[in-house]
Amino acid sequence: MHSYYLDAIRNFEGFTPKASWDYAQFSNGYGTRARFDGEVISQAEAERRFKAEIAEARTIVERTAPHVDEGTKAALTSLTYNAGTAWTKSGLGEAVKAGDLNQVREIFQKYNKAGGDVLPGLVRRRAEEAQWIGNPDELLRTPSGSNADKLVAEIANAAAQGVADQDSAAA
């Protein structure tokens with residue numbers, strides 16, 4: 001999964017070294033399951049756990065929706081990481097399988113509750129993730145915040161590498 005999406009998920013989750021209750025589990029790091037209440041982890045451990053849990057979420061998405069574009073897979077991976085797999089056996093899963101991306105976007109944004117309450121942070125997160133759905137070029141959009149600088153640098157580096165490759169091929 002492209003670093004744009006991974007960075008966005010990390011930003012949605014935020015980094016918390018000390019575990020605390022998070023609606024359904026004790027969480028720390030970037031929203032990963034803590035081993036026990038109050039567990040404190042380093043940023044390096046948080047990154048290791050994040051990568052492992054994102055990989056698990058992506059595997060579920062690949063099994064459930066192998067035919068969708070990368071933006072949609074990224075949104076579904078983020079949802080799976082954050083809220084679990086219930087979507088795969090619900091109306092959202094049916095819309096994904098049917099390829100109805102308008103319905104996918106609409107249903108997707110309803111995953112904005114925790115503990116039965118609508119949370120403004122989840123409303124914002126799902127709205128941003130919904131923009132990824134059906135949009136394989138989402139990461140070419142000008143993202144907000146610190147991702148913009150990183151994306152510009154990535155594009156510049158890729159362009160520079162392309163020029164260097166062309167120069168060495170011509171030589």
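Helices and strands are here runs of residues assigned by DSSP, at least four residues long for a helix and at least two for a strand, and they are numbered from the N terminus. The model is a predicted one, and the exercises below work through it.

**Exercise 1. Find how many helices and strands the protein has, and in which order they run.**

Solution. Begin with the count, which gives 7 helices and 5 strands. Next, follow the chain from the N terminus, where the order of elements reads α-β-β-β-α-α-α-α-β-β-α-α.

**Exercise 2. Describe the open sheet of 3 strands, and explain why one side of β1 and of β3 has no neighbour in the sheet.**

Solution. First, write down the strand order, which is β1-β2-β3, with antiparallel pairing. Then look at the edges, where β1 (16-21) and β3 (32-33) each have a single partner strand, so that one side of each is left without a neighbour in the sheet. Finally, examine one pair in detail: β1 and β2 (residues 26-29) are joined in the antiparallel sense over 3 bridges, and Ser20 has Ser27 in β2 as its bridge partner. In general, the strands of a sheet pair through backbone hydrogen bonds, either parallel or antiparallel.

**Exercise 3. Decide which residues of helix α5 are buried and which are exposed, and show how the buried ones are arranged.**

Solution. Start with the cut-offs, since buried means under 20% relative accessible area and exposed means over 50%. In α5 (residues 101-108), the buried residues include Val104, Ile107 and Phe108. When the helix is viewed down its axis, the buried residues of α5 fall within an arc of 100°, and therefore they line one face of the helix. Asn102 and Glu106, on the other side of α5, are exposed. A general rule helps here: an α-helix has 3.6 residues a turn, so residues three or four places apart point the same way. As a last step, ask what covers the buried residues of α5; the cover includes α3 (70-83), α4 (91-98) and α6 (120-130).

**Exercise 4. Place Phe108 in the largest nonpolar core, and name elements that supply residues to this core.**

Solution. The largest nonpolar core has 20 residues, and Phe108 is listed with Leu76, Trp87, Leu92, Val96 and Trp132 as those with the most contacts inside it. Helices α1 (3-13), α3, α4 and α5 each supply at least two residues of this core, and α3 gives the most, with 4 residues. A second, separate core has 9 residues, among them Leu6, Ile9, Phe50 and Ile54. Returning to Phe108, and leaving aside neighbours within four places in sequence, its contacts include Leu76, Leu79 and Leu92, as well as Ile133.

**Exercise 5. Determine whether Val61 is buried or exposed, and which residues it touches.**

Solution. Val61 lies in helix α2 (residues 43-64). Its relative accessibility is 0%, and therefore Val61 counts as buried. Not counting residues up to four places away in sequence, Val61 touches Pro66, Lys73, Leu76, Thr77, Thr80 and Trp87.

**Exercise 6. Work out where the confidence of the model is highest and where it is lowest.**

Solution. Take the average first: the protein has a mean pLDDT of 86, and 80% of the residues score at least 70. Among the elements, α2 has the highest confidence, at 98, whereas α7 (residues 146-170) has the lowest, at a mean of 44. Over residues 142-160 the pLDDT is below 50, and this stretch has 12 contacts in the model beyond near neighbours in sequence. For residues 162-171, where pLDDT also stays under 50, the model has 0 contacts beyond four places in sequence.

Methods. Residues numbered from 1 in each chain as written. Predicted model: local features only at pLDDT ≥ 70, side-chain atom pairs only at ≥ 80, totals over all residues. Heavy atoms only, no water. Buried < 20%, exposed > 50% of the residue type's maximum accessible area, 1.4 Å probe, protein only. Arc of directions from axis to C-beta. Contact = heavy atoms within 4.5 Å. Pairing = 2+ DSSP bridges. pLDDT = per-residue confidence, 0-100. Core = buried A, V, L, I, M, F, W, Y, C linked by side-chain atoms within 4.5 Å.
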